[in-house]
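The following exercises are to be worked with the sequence and the structure at hand. Each task is followed by a solution in steps.

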Amino acid sequence: MTRDAYADRCEDLFALCGFTEARKAAEAGLAELGPDPVLYRWLGLAHAAEDDDDHDADAEAAYEAGLAQWPDDLGLLVSYLELCLRADTWSYPGRAARVERLKERIAVLAPAGSPEAARVDAALGWAGRGYWQDVRQRTAAATADRAASTSHGDDVAEALARGGGRAPAHPEDLRAVEVAAALELLDGPGRAPLRLVVRHRAAAYATALLLAIATNKALVLSGTVSYSVWGWIWFVPLLLAESRLRQARRLARERVIAATADRHAAAPEAGQAPAG
């Protein structure tokens with residue numbers, strides 16, 4: 001495979017949050033082609049994305065290995081700067097201290113208005129944000145995740161309303177694969193109640209709430225208990241259905257990552273096929 005082919009593979013896998021697979025692709029490229037600044041950068045990014053101390057150390061090692069041979073590579077410099085900006089000053093003073101040196105070097109290499117300069121500004125803005133900016137960002141991320149979950153639930157409900165048919169989906173179409181995975185996990189006679197809940201989520205939640213309140217009130221009025229939470233057991237089928245939908249999204253992402261990796265792995269073999 002060429003360097004560009006490995007880089008494209010890393011990019012596709014990284015975009016799907018397949019960070020482990022992206023690291024394997026970068027490492028395979030380095031092993032086959034030798035040191036390369038682009039592959040070192042992808043290796044570092046795929047480690048840094050895990051947001052873990054050990055992975056941060058591995059990301060730093062990847063960036064430094066690349067910069068040892070290409071000290072003026074802007075991709076490596078800016079990625080390393082982003083890593084250092086996230087470093088805790090007390091736990092990793094050496095990493096945090098590199099920020100100013102990296103900024104000075106990038107300022108020399110990246111002219112004003114360049115994509116690299118814009119990325120540095122964005123990284124510095126991220127590092128200087130306050131508590132409320134963090135809260136707003138987390139809130140926005142949670143809102144986006146809820147919207148994606150709701151959209152996924154609607155897609156599955158629509159598929160169930162059509163009879164649950166499993167039309168073949170493109171293996172890298174994440175949304176279609178998510179629906180197919182959900183139909184698979186909801187299949188079977190024993191899961192009919194879960195399918196009913198998914199098809200009528202709003203009505204199911206409203207009904208469960210009314211039944212929970214009525215059950216708790218009935219138990220208290222009957223003198224069976226002085227305070228009851230047993231009524232909330234009506235929400236168990238809803239929680240199970242939601243769990244299945246979340247599991248389907250995780251399973252689908254794993255399948256799409258595997259399909260993407262397989263496509264890239266098969267590409268060089270197709271390229272080596274004899275002509276004619």
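**Exercise 1. Locate leucine 194 and describe its surroundings.**

Step 1. Leucine 194 is found in helix 10, residues 192-199; helices are DSSP runs of H or I with at least four residues, strands are runs of E with at least two, and both are numbered from the N terminus.

Step 2. Leucine 194 counts as buried because its relative accessibility is 11%. Buried means under 20% relative accessible area, exposed over 50%, and partly exposed in between, for a 1.4 Å probe and protein chains only.

Step 3. Leaving aside neighbours within four places in sequence, leucine 194 is in contact (heavy atoms within 4.5 Å) with Leu186, Pro237, Leu240, Ala241 and Arg244.

Step 4. Leucine 194 and arginine 244 are 50 residues apart in sequence, while their C-alpha atoms are 8.8 Å apart in space.

*Basis of the values.* The model is predicted: local features need pLDDT of at least 70, side-chain atom pairs count only at pLDDT 80 or more, and totals for chains, interfaces and linings use all residues. Residues are numbered from 1 along each chain as its sequence is written, and side-chain values use heavy atoms, with hydrogens and water left out.

**Exercise 2. Identify the residues with the most contacts to other members of the largest nonpolar core, and the helix that gives the most to this core.**

Step 1. A nonpolar core is a set of buried Ala, Val, Leu, Ile, Met, Phe, Trp, Tyr and Cys residues joined through side-chain atoms within 4.5 Å. In soluble globular proteins, nonpolar side chains tend to be buried together.

Step 2. The largest such core has 60 residues, of which Tyr63, Tyr80, Leu81, Ile106, Val156 and Val198 touch the most other members. Helix 5 (residues 74-86) gives the most to this core, with nine residues.

Step 3. Take leucine 81 from this group. Not counting residues up to four places away in sequence, leucine 81 touches Val99, Leu102, Lys103, Ile106 and Val120.

**Exercise 3. Classify the aromatic pair of tyrosine 63 and tyrosine 80, and then that of tryptophan 232 and phenylalanine 235.**

Step 1. The structure holds five aromatic pairs. Rings of Phe, Tyr and Trp (its six-membered ring) pair if their centres lie within 6.5 Å; planes under 30 degrees apart count as stacked, over 60 as edge-to-face and the rest as tilted.

Step 2. The ring centres of tyrosine 63 and tyrosine 80 are 5.8 Å apart and the planes stand at 40 degrees, so this pair is tilted. Because tyrosine 63 lies in helix 4 and tyrosine 80 in helix 5, the pair ties together parts that are 17 residues apart in sequence.

Step 3. Tyrosine 63 is buried at 1% relative accessible area, and tyrosine 80 is buried at 2%.

Step 4. Tryptophan 232 and phenylalanine 235 also form a tilted pair, with 5.7 Å from centre to centre and 35 degrees between the planes. Tryptophan 232 is partly exposed at 41% relative accessibility, whereas phenylalanine 235 is buried at 16%.

**Exercise 4. Which secondary-structure elements does the salt bridge of arginine 95 and glutamate 60 tie together, and which does that of glutamate 178 and arginine 249 link?**

Step 1. A salt bridge is a side-chain nitrogen of Lys or Arg within 4 Å of a carboxyl oxygen of Asp or Glu. The structure holds 15 of them.

Step 2. Arginine 95 and glutamate 60 meet at 3.1 Å, N to O. Arginine 95 lies in helix 6 (residues 93-109) and glutamate 60 in helix 4, so the bridge ties together parts that are 35 residues apart in sequence. Both arginine 95 and glutamate 60 are buried.

Step 3. In the salt bridge of glutamate 178 and arginine 249, the closest N and O atoms are 3.9 Å apart. This pair links distant parts of the chain, with glutamate 178 in helix 9 and arginine 249 in helix 12, 71 residues apart. Glutamate 178 and arginine 249 are both buried.

Step 4. For contrast within one helix, glutamate 100 and lysine 103 both lie in helix 6, three residues apart, about one turn of the helix. Their closest N and O atoms are 3.4 Å apart. Glutamate 100 is partly exposed at 45%, and lysine 103 is partly exposed at 26%.
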